[in-house]
Amino acid sequence: MSEKTLTEVTYRIRRFDPDGDTAPHWEEYGIPYSAGMTVLDGLWKVKEMRAPDLAWRSSCRMGVCGSCGMLVNGKARLACNTQVTELGGDTVVVAPLPNFDIVRDLVPELAPMFDSHRALMPHVIREDVQEQEHPTGEFWQSAHELEQYLQFSYCIKCGCCMAACPTFATDALYSGPMPLGQAHRYNSDTRDGGFSARKRVLAGEAGPWRCHFAGECSRVCPKGVDPAKAIQLMKRELVLDYLRLHKQHRPATVAKKATETKRREGIPEPPAPTV
Amino acid sequence: MMRDQKLWTWHLAAGVVILFLLGLHMTVMHLNVTVPLKGLNPAGGHPIDWQNVIARGKIGAFALTYVVLLGAALFHGLYGLRNILFELNPASWLKRTVSIVLLLCGLALFSFGTWAAIAGFSLAKAM
Amino acid sequence: MIESKGHPNRLGIWGWLGGGRWGVERYLYTLHRLTGLGLLTYFLLHILVTSSRALGKAPWEQAMNAVTGPLFKLGEYLVFVAFAFHAVNGIRLGIIELGFGVGPPIEPVYPYRTSLDVQRPLAVGVLLLAAIIVVMGTLNFWVLE
Ligand code: HEM
Ligand code: HEM
C-alpha cells in the first residue's frame with residue numbers, strides 16, 4: 001500500500017500481563033497513519049490513544065541501541081528500523097521476540113542470551129594484564145587485521161538472530177548466533193589471546209556445532225553483521241585447532257610512538273592521545 | 001565437555017569417505033544401466049541377483065570398502081541422530097543414556113556387519 | 001543467572017520448520033535433516049538384511065524376496081533420491097561449515113550482502129546436480145531396467 005492511500009493502520013499486538021494473564025492473547029488497535037511512520041512510532045500512537053498500559057523496550061529510535069527487537073509480521077526486526085509501508089498492507093502484527101520468555105507484552109527476557117555472551121568472554125584477553133590496566137600505548141593493528149572482525153563488531157545485541165535461529169528454538173544450552181558471533185569477533189582480533197580460554201565453551205555442546213546454516217540469523221540481522229558467516233569461520237578455526245594446524249598468533253604488541261620520525265609540512269597535528 | 005570439536009570433525013571426515021564409497025555403492029546398485037561399471041555386475045540382470053553378489057564378494061578390496069563404509073556411515077549417521085536428539089534439549093541423564101545406547105548399537109551393528117562382510121567374502125571365495 | 005518469571009515463548013520443534021522468514025537455505029536445512037534420518041533408518045535395517053548373504057544362496061534369496069514388491073521398490077527409489085540430495089548438499093555444507101564459500105568479513109553497507117547471498121550459487125548448483133543424479137536414477141529405476 002502506498003503512503004497516499006494509507007490513512008489508518010491496524011496494530012495486532014500480542015499482549016501478556018504477568019499479574020493477570022495465564023497466557024498471551026491478541027488485541028487489535030486502529031490508529032491513524034502519518035507519513036514516514038515506523039512500527040515504533042505506531043506503538044507510541046497506540047499507547048497514546050488506545051492502550052496506555054502497553055509495554056515494550058525502546059530507546060534510540062535509530063537502529064543503534066538494539067532495544068526494540070520484536071517479531072513484526074512474522075519476522076524478527078527492529079521496530080524503529082521498519083517503516084509501516086514496508087510491510088505492504090494496512091495491518092501491523094507485533095509479537096515479542098520468540099525463544100525468550102515474555103516479561104510483559106512486547107518485552108522479552110534477554111538475560112539468558114547475555115549469560116551465554118558473558119560465558120564466551122567478549123573482551124580482549126591478554127596475559128600482560130599490567131599493560132592492559134595501565135597502558136603505555138596502543139596495541140598495534142593493521143587496517144587489514146581490523147577488517148577481519150570489524151563487520152562482527154557492529155552487533156547491537158538486539159536478539160533478532162536468536163529469535164530466528166531454529167536450533168535456539170529448542171536448545172536452551174546452545175550459545176546462539178549473537179554470543180558465537182561475538183566470540184569469533186574477539187578470537188579474530190589480533191590484539192586478543194583468548195582463543196584457548198573461549199575454546200572451553202566453544203569445543204563443547206554450546207559451541208558452533210549446533211549451527212547447520214539454515215541462515216535465518218544473517219537474514220534477519222538489522223545491522224548486516226552476518227552471524228552465520230562468523231560461525232562458519234569459527235568452525236574452521238576450531239577444526240584446524242583439533243588437527244593441530246591452527247596458527248597460534250601472539251597478541252599484538254604495543255605500537256611504537258612516532259617520536260623519531262620527522263613530520264612532513266602542512267599536515268595538521270593529531271589530537272592529544274587518549275591513553 | 002570438549003568433545004564436539006573432535007566428534008564433529010570426524011563426522012565431517014566420515015561424510016567425505018561416505019561420499020566416495022556410497023557413491024560407488026549406489027552406482028553399482030542403482031545406476032547399473034546408466035553408469036555400468038566393469039566387473040561389478042558380471043552376470044548381468046539385477047545387481048542384487050545372487051550371481052552378482054557372489055562375483056562382487058570375491059573381490060577382497062571390495063569387501064574391505066564395505067567394512068569402511070559400514071563404520072563411517074554408522075558413526076556419521078548415529079552422531080547426526082545424537083545431535084538432533086540433543087537439540088531437543090533433554091535432561092542431562094537422558095543425554096548420557098542416549099549417548100551410551102547409540103554407542104552400543106553402533107558397536108553391535110559394526111561387529112555384525114563386519115562378520116557378514118568377512119563371512120560373505122570367504123563364502124564367495126570358496127565358490 | 002537471573003531468574004525469569006516470564007511466560008515461556010520458545011518456538012519448539014515448530015521453530016525448526018519455520019521460526020522466522022522462510023529462505024532457501026532453511027528448506028535445505030530441513031531437507032538435509034529429513035534425508036539424513038531417512039538414510040539412517042534404511043541403513044540400519046539394510047545391515048541386517050544384507051548380512052544374509054553370509055549364510056548362502058537360499059537365505060539371501062529369502063531375504064531379498066521379503067523386500068520386493070512395488071512398495072519396497074518405491075522405498076528404495078526414495079532412498080536413492082534422499083542419497084542424491086543429502087550427498088550433494090552435504091558437499092555444500094562441508095565447504096561452507098569450514099568457512100569457505102561464505103566470503104570474507106566485509107563492511108556492512110545497506111542493502112546488506114550476507115554469506116547467504118555469497119553461497120547462493122553453490123545452493124543452486126547443488127540442486128541442479130542432485131536433479132541430474134535423480135534423473136539418471138529415475139531412468140535406471142523405472143525406464144531402462
Ligand atoms: C553421501 C555422503 C554424505 C555426505 C557428504 C554427508 C554430509 C553430511 C554433513 C556435512 C552433515 C552435517 C550437516 C550439518 O552439520 O549441518 C550431515 C549430517 C547428517 N547426515 Fe550425512 N552425509 C552423507 C551421507 C549420510 C548417510 C549415508 C547417512 C545415514 C546413515 C547420513 C546421515 C546424516 C544425519 C542423520 C545427519 C544429521 C542431520 C542434522 O543434524 O540435521 N548422512 N551429513
Ligand atoms: C537403496 C539401495 C541400496 C541397495 C539396492 C543396496 C544393496 C546392497 C547389497 C546387495 C549389498 C550386499 C553386498 C553386495 O551385494 O555387494 C549391500 C551391502 C551394503 N550396503 Fe547397500 N544398498 C543400498 C543402499 C545403501 C545405503 C543407503 C547404505 C548406507 C550407507 C548402504 C550401505 C551398505 C553397506 C555398509 C553394506 C555392507 C554390509 C555388510 O557388510 O554387512 N547401502 N547393499
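Reader: How much area is buried between chain C and chain A, and what share of it do carbon and sulfur atoms give?

Author: About 3,900 Å² is buried between chain C and chain A, with 56% given by carbon and sulfur atoms. Keep in mind that this is a predicted model. In chain C, the residues that lose the most area to chain A are His7(C), Asn9(C) and Arg10(C), which together make up 19% of what that side buries.

Reader: How many residues does each chain bring to that contact?

Author: Chain C brings 43 residues and chain A brings 52.

Reader: Which polar features should I look for there?

Author: Start with the salt bridges: the count between chain C and chain A is 3. One of them joins the side chains of Lys235(A) and Glu97(C), at 2.8 Å from N to O. Then look at polar contacts, where the count is 18 residue pairs, both residues at pLDDT 80 or more.

Reader: Which elements of chain C give two or more residues to the side that touches chain A?

Author: They are the helices H1 (13-18), H2 (24-50), H4 (70-97) and H5 (115-144) of chain C. H2(C) has the largest share, 5 residues. By type, that side of chain C divides into 20 nonpolar, 14 polar and 9 charged residues.

Reader: Let's turn to chain B. How do I read its contact with chain A?

Author: Take the same steps. Here 19 residues of chain A are in contact with 15 residues of chain B. The two chains bury about 1,600 Å² between them, 55% of it on carbon and sulfur atoms. The count of salt bridges is 1: Lys95(B) pairs with Glu205(A), and their closest N and O atoms are 2.6 Å apart. On the chain A side, helix H7 (195-202) and helix H9 (227-242) each supply at least two residues, and H9(A) gives the largest share, 5 residues. The touching side of chain A holds 8 nonpolar, 4 polar and 7 charged residues.

Reader: How should I describe two packed helices?

Author: In general, use the angle between their axes and the distance between the axes. For H9(A) and H1 (residues 3-30) of chain B, the axes come within 9 Å and cross at roughly 95°. H9(A) is therefore roughly perpendicular to H1(B).

Reader: Which residues meet where H9(A) and H1(B) touch?

Author: From H9(A) come Lys235(A), Leu238(A), Val239(A), Asp241(A) and Tyr242(A), and they meet Gln5(B), Lys6(B), Trp8(B), Thr9(B) and Trp10(B) of H1(B). The residues of this helix contact divide into 5 nonpolar, 2 polar and 3 charged. You have already met Lys235(A), in its salt bridge with Glu97(C).

How values were computed:
Residues numbered from 1 in each chain as written. Chains lettered and ligands numbered in written order. Predicted model: local features only at pLDDT ≥ 70, side-chain atom pairs only at ≥ 80, totals over all residues. Heavy atoms only, no water. Contact = heavy atoms within 4.5 Å. Buried area = accessible area lost by both parts, 1.4 Å probe. Salt bridge = Lys/Arg side-chain N within 4 Å of Asp/Glu carboxyl O. Helix = DSSP H or I, 4+ residues; strand = E, 2+ residues; numbered from the N terminus. Nonpolar A, V, L, I, M, F, W, Y, C, P; charged D, E, K, R; others polar. Axes fitted to C-alpha atoms, helices over the stretch in contact; angles between N-to-C directions. Parallel < 35°, antiparallel > 145°, perpendicular 65-115°, else oblique. Polar contact = N/O pair within 3.5 Å; in protein donor to acceptor, adjacent residues only side chain to side chain.
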